[in-house]
Amino acid sequence: MSAFRKSGRGMVDASKPVNFTFDGKAYQGLQGDTLASALLANGVHLTGRSFKYHRPRGIVGAGSEEPNALVAFDRGEGRVTPNVRATTLEIFDGLKAESQNRWPNLKTDIGGFNNIFSMFFPAGFYNKTFKWPASFWDKVYEPFIRNMAGLGPAPKSSDPDVYASVYGHCDVLIVGAGPAGIAAAVAAAKKDQRVILVDEQAEPGGGLLSAQNVEIDGMAAQDWLTKSLTTLRKADNVTVMLRSTAIGYYHDNFVAVNERLTDHIPSVEPGRSREKLHRIRAGKVILAQGGIERPLVFNGNDRPGVMLASAAQTYLGQYGVAVGNEVVVFTSHDSAYQAAFELADANISIAAIVDIRDKISGDLQQAVEARAIDLILGSSVSKTSGKLRINGCEVYTASSGKKQSFQCDALLMSGGWTPSLHLWSHSKGGIKWDADLAAYVPEQANENAVCVGACNGNFGIEAALNAGTKAGGGRKKFKVKEPEFGSGVVLDHLPNYIDSSKQKAFVDFQNDVTEKDIKLAVREGFKSIEHVKRYTTNGMATDQGKTSNLNALEIASKAVGKPIEKVGLTTFRPPYTPTTFGALAGYRDGELFDPTRKTAIDPWAEAQGAVFEPVGIWRRAWYFPKDGEDMHAAVARECKATRDSLGIFDASTLGKIEVVGPDATKFMNLMYSNSWTTLKPGRCRYGLMLREDGYIYDDGVVARMAEDRYHVTTTSGGAPRVYRHMEDYLQTEFQHLDVWLTSTTEQWAVIAINGPNARKLIEPFVEGIDLSKDAFPHMAVREGKICGVPTRLFRVSFTGELGFEINIPSHYGRTVWETLFEAGQSYEICPYGTETMHVLRAEKGFIIVGQDTDGTVTPHDAGMGWAVAKKKKDFVGMRSLKRSDLIADGRKHLIGLLTDDPNVVLEEGAQIVADPNQPIPMDMLGHVTSSYWSESLGRSVAMALVKDGFNRMDETLHVPMPGTTHKAKVVKPVFYDPKGERLNVV
Amino acid sequence: MFEIHCPYCDEKRPEIEFAYAGEAHIVRPNAQDQGEMSDADWSQYMFIRDNVRGEHCERWWHQHGCNMFFNAVRHTVTDKFVMTYKMGKSRPTAKQIADAKK
């Protein structure tokens with residue numbers, strides 16, 4: 001038995017020793033221990049170094065509110081979790097944990113020099129210090145700050161674990177399985193409600209687990225707990241979830257609950273989920289989160305061995321662990337007396353109870369006297385001593401000036417209680433100041449939710465049970481024999497004879513924020529509590545200010561000179577406790593992180609060794625390298641083969657929308673800037689779509705299949721937004737039109753055949769369509785069959801060559817592709833990818849919306865004024881095109897650029913200037929939008945948006961690029977076959 | 001995450017099925033009015049939106065459901081939906097909004 005274990009107490013199993021290591025040293029605990037309770041049982045309080053000053057720190061609390069005892073939990077390669085609270089980490093055989101923020105080890109820490117120089121690290125230190133000179137920002141300051149920042153080891157490899165997620169539904173969700181939560185669950189279960197009860201701990205019961213001398217309806221508290229849990233387990237309308245933390249409360253009673261499934265198990269079979277995130281939609285939410293004890297802010301309050309009084313009570317009652325042999329209790333609240341009594345009754349010596357109040361109740365006084373405990377009223381602890389653990393403290397009585405010293409190995413503090421408002425705050429519930437409690441309590445609910453028990457400011461087990469029952473829909477009234485909860489006072493500053501500049505009184509342990517820092521922030525002009533919080537970083541650590549917020553508020557409100565209820569509380573934000581990214585990602589990991597959309601022909605391209613690129617969420621063949629070609633060589637070959645003979649391209653990703661109905665033409669006339677009235681069935685037209693603001697939104701070839709039917713194509717990435725844009729107008733502004741829209745992108749596979757031999761290739765496979773030049777001219781569409789499969793056959797060209805786009809039902813896509821590819825061997829058919837497609841279209845000056853336009857380009861800017869109908873009465877974007885800004889001189893125009901050195905390929909995005917010798921900042925005229933090596937022309941070509949570009953033809957402009965500035969001449973953006981003669985090969 | 005009542009499906013559905021679509025009741029001027037509108041008036045229609053603190057009429061799209069656009073009244077402080085209604089219905093009166101809250 002360890003030195004500090006009290007046999008026969010608590011819920012731990014004395015017959016089941018558990019071996020674990022902390023910082024490489026072997027220890028033994030018991031089944032049921034947390035790392036914190038097991039270390040305390042071994043007399044270990046020192047568990048870490050603080051964030052900023054590297055001060056030695058020990059265990060403060062006993063639950064998820066713990067600010068200090070953060071450890072790295074090591075489950076092997078790739079499985080180190082930093083900043084795990086030792087107070088919630090269940091031990092098992094072989095557990096490995098390491099302390100953090102220390103080097104070379106916890107007892108001798110080099111970083112401790114920060115503590116010696118702490119007078120140089122006040123609030124806002126980083127903002128004030130790392131400012132000038134600017135040349136130091138990236139070379140000196142950033143490496144220094146990065147080195148200092150962060151707690152614990154960051155993972156070095158990707159997380160090998162699996163995480164699950166699931167949706168949950170219930171009538172009543174209860175957060176917290178303490179007395180209030182359990183009573184609520186029992187009551188709601190009786191009402192045939194579907195109930196989910198969640199608790200972050202391994203054992204349900206909350207405060208009942210360590211309650212001493214409490215009787216509920218004549219039963220010992222633990223017996224009542226057992227009985228109630230049995231009732232709940234038997235009820236099939238109740239789910240009790242343990243090790244499950246409600247991390248966030250979102251709109252309409254949607255609560256995220258993270259369940260930890262395996263962290264407490266020594267060996268886990270591969271593939272088993274480590275955590276499971278439940279997204280629960282509840283009819284009603286009952287919050288029974290309890291309260292958190294407040295530390296006292298006094299000089300030396302962060303020394304290992306100084307802890308919350310209630311934590312000592314929990315360690316004794318739930319784990320059978322004495323936190324020390326010689327204990328001083330320092331309090332401003334009655335509740336700490338109970339802790340003192342329970343420890344005293346377990347034969348732990350209480351050296352003194354120090355109370356800042358001058359008077360306490362007669363009952364308490366008697367109970368103290370009965371145990372012969374030294375009681376010092378009207379006094380406070382003025383300093384503590386001990387290097388790595390407290391070994392004594394000095395008590396100062398302000399009224400007499402008397403100082404007394406006590407030896408101790410633990411100091412318990414209590415500054416009263418704070419109702420836990422975290423989830424209530426997530427739900428945007430209102431709060432009000434309760435002067436008696438000196439705390440904020442819930443007020444107006446914003447959801448169908450209620451707080452019960454301590455988190456509602458109703459402390460005590462009887463109050464919790466009755467409030468829980470009522471919230472669960474029951475009427476039962478409990479009778480509980482329990483120590484009185486009592487009352488307390490809150491001071492913004494504890495009396496001390498030591499000059500405040502020489503004190504180390506911590507408010508936020510985890511972020512090393514002291515009383516002085518908060519007062520300094522107010523002196524420096526930060527009056528809003530939100531600003532004080534951010535300037536001092538109080539409450540911004542991984543514990544979200546669970547123990548520090550109210551103390552900080554008290555100090556700040558006095559410093560600002562405003563009543564605390566006027567200062568307000570900072571907002572709590574999810575998650576309630578630190579949550580793994582794995583839990584949030586769930587199954588959306590690796591291949592499932594972002595789904596990849598593939599065409600029917602994609603597997604063929606993959607088998608051919610294509611290199612792919614992402615286009616939106618599509619993956620498209622980028623180029624098809626042969627015999628170790630690089631991209632440049634492959635693209636040059638693909639371009640040449642297509643222009644010389646025959647290329648085949650998978651264009652299935654083109655967006656497609658079927659526009660059908662008696663008013664289809666009227667609708668098209670409104671949605672596109674072109675006119676559709678004159679387009680005959682069987683013919684195609686390039687369509688330009690504008691937004692209402694007059695800028696180019698999308699483009700694509702549109703085929704009129706029949707009087708009342710259009711086959712619209714859109715850009716690959718634009719399909720969803722074009723569809724939405726059309727639906728929006730049809731359903732709202734153009735409701736009078738009888739038109740139906742259907743997205744058909746996935747229905748059609750599209751094979752583009754380009755090159756002088758295109759017609760010769762497909763002719764033998766086509767049925768029912770006369771392919772001759774006159775019968776099937778450029779920009780025509782026909783329906784028939786190809787390879788025996790129904791097709792919509794377009795004669796169109798995005799390359800400038802004779803071209804066909806073969807639309808076939810998707811599931812025939814690969815068969816038709818393979819048939820044509822096979823037949824194409826006699827023409828040396830060349831499969832090409834998106835890069836070659838881009839080069840070929842750029843040689844022709846065809847734009848890519850989103851590359852050559854950027855949402856601020858009008859049709860006229862792009863040199864496409866011809867695509868804007870002059871006679872239409874109305875279309876989307878028409879009025880905006882007449883806005884003065886859009887017709888003003890000096891707009892950027894899309895032009896071609898030819899570099900003086902034909903071998904130079906400009907960088908896309910490069911800036912363009914008129915005079916490279918102009919002093920900086922130069923006037924930038926625009927930028928390069930598209931730029932490629934053109935194998936057909938034996939030189940580079942580029943397109944660019946340039947201010948006043950149309951009026952700069954033949955002008956030489958300058959393009960600064962890394963190393964040198966290139967000269968380029970402004971030309972029309974059609975580089976290849978400007979007359980379009982190649983479309984007409986026979 | 002909200003539960004949103006789609007007035008066409010007449011059902012509450014989770015927010016992931018919906019997409020926000022901007023302020024409601026901004027009517028596109030007809031062709032003739034467009035011709036007569038000054039740049040300033042057109043800009044008012046095109047670009048200027050209310051930024052109310054309180055009940056806001058806004059459009060939502062049941063994108064992954066029935067595909068319909070509809071209108072909603074939502075409170076910009078609490079984020080709460082007060083009511084939803086079909087496209088084409090006029091802006092709810094103060095009384096209708098008050099009734100919907102009951």
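**Close-ups of chains A and B**

**View 1. A two-stranded hairpin in chain B.** Cys6(B) sits across from Glu11(B), a residue of strand E2(B). This is a predicted model, and the view takes in the two strands around that pair. E1(B) and E2 (residues 11–14) of chain B run antiparallel, with four bridges between them. Four residues link the strands of this hairpin, and Asp10(B) has a positive phi near 50°. Have a look at the two faces of strand E1 (residues 3–6) of chain B as well: Ile4(B) and Cys6(B) make up the covered face, while Glu3(B) and His5(B) lie on the uncovered one.

**View 2. An open parallel sheet in chain A.** Read across, the five strands go E17-E24-E18-E19-E20 (chain A), and their pairing is parallel. Strand E17 (306–308) and strand E20 (375–376) of chain A are the edges, each with pairing on one side only. Zoom in on strand E18 (residues 326–331) and strand E19 (residues 349–355) of chain A and you'll find six bridges joining the two. One pair to pick out is Glu326(A) with its bridge partner in E19(A), Ser349(A).

**View 3. Where domain 2 of chain A meets domain 3 of chain A.** The domain assignment splits chain A into pieces that include domain 2 (161–292 + 417–484 + 577–593) and domain 3 (295–415). Going by C-alpha atoms, the centres of these two domains of chain A are 31 Å apart. Six residues from domain 2 of chain A and seven residues from domain 3 of chain A make the contact. On the domain 2 side, that comes to four nonpolar and two polar residues, with no charged ones.

Terms used: Residues are numbered from 1 along each chain as its sequence is written. Chains are lettered from A and ligands numbered from 1 in the order in which they are written. This is a predicted model: local features need pLDDT of at least 70, side-chain atom pairs count only at pLDDT 80 or more; totals for chains, interfaces and linings use all residues. Domain bounds come from an automatic or database domain assignment. Two residues are in contact if their C-beta atoms, placed from the backbone, lie within 7 Å. Ala, Val, Leu, Ile, Met, Phe, Trp, Tyr, Cys and Pro count as nonpolar, Asp, Glu, Lys and Arg as charged, and the others, Gly among them, as polar. Two strands pair if DSSP finds at least two bridges between them. A residue is buried if 20 or more other C-beta atoms lie within 10 Å of its own, exposed if 12 or fewer, and partly exposed in between; C-beta atoms are placed from the backbone.
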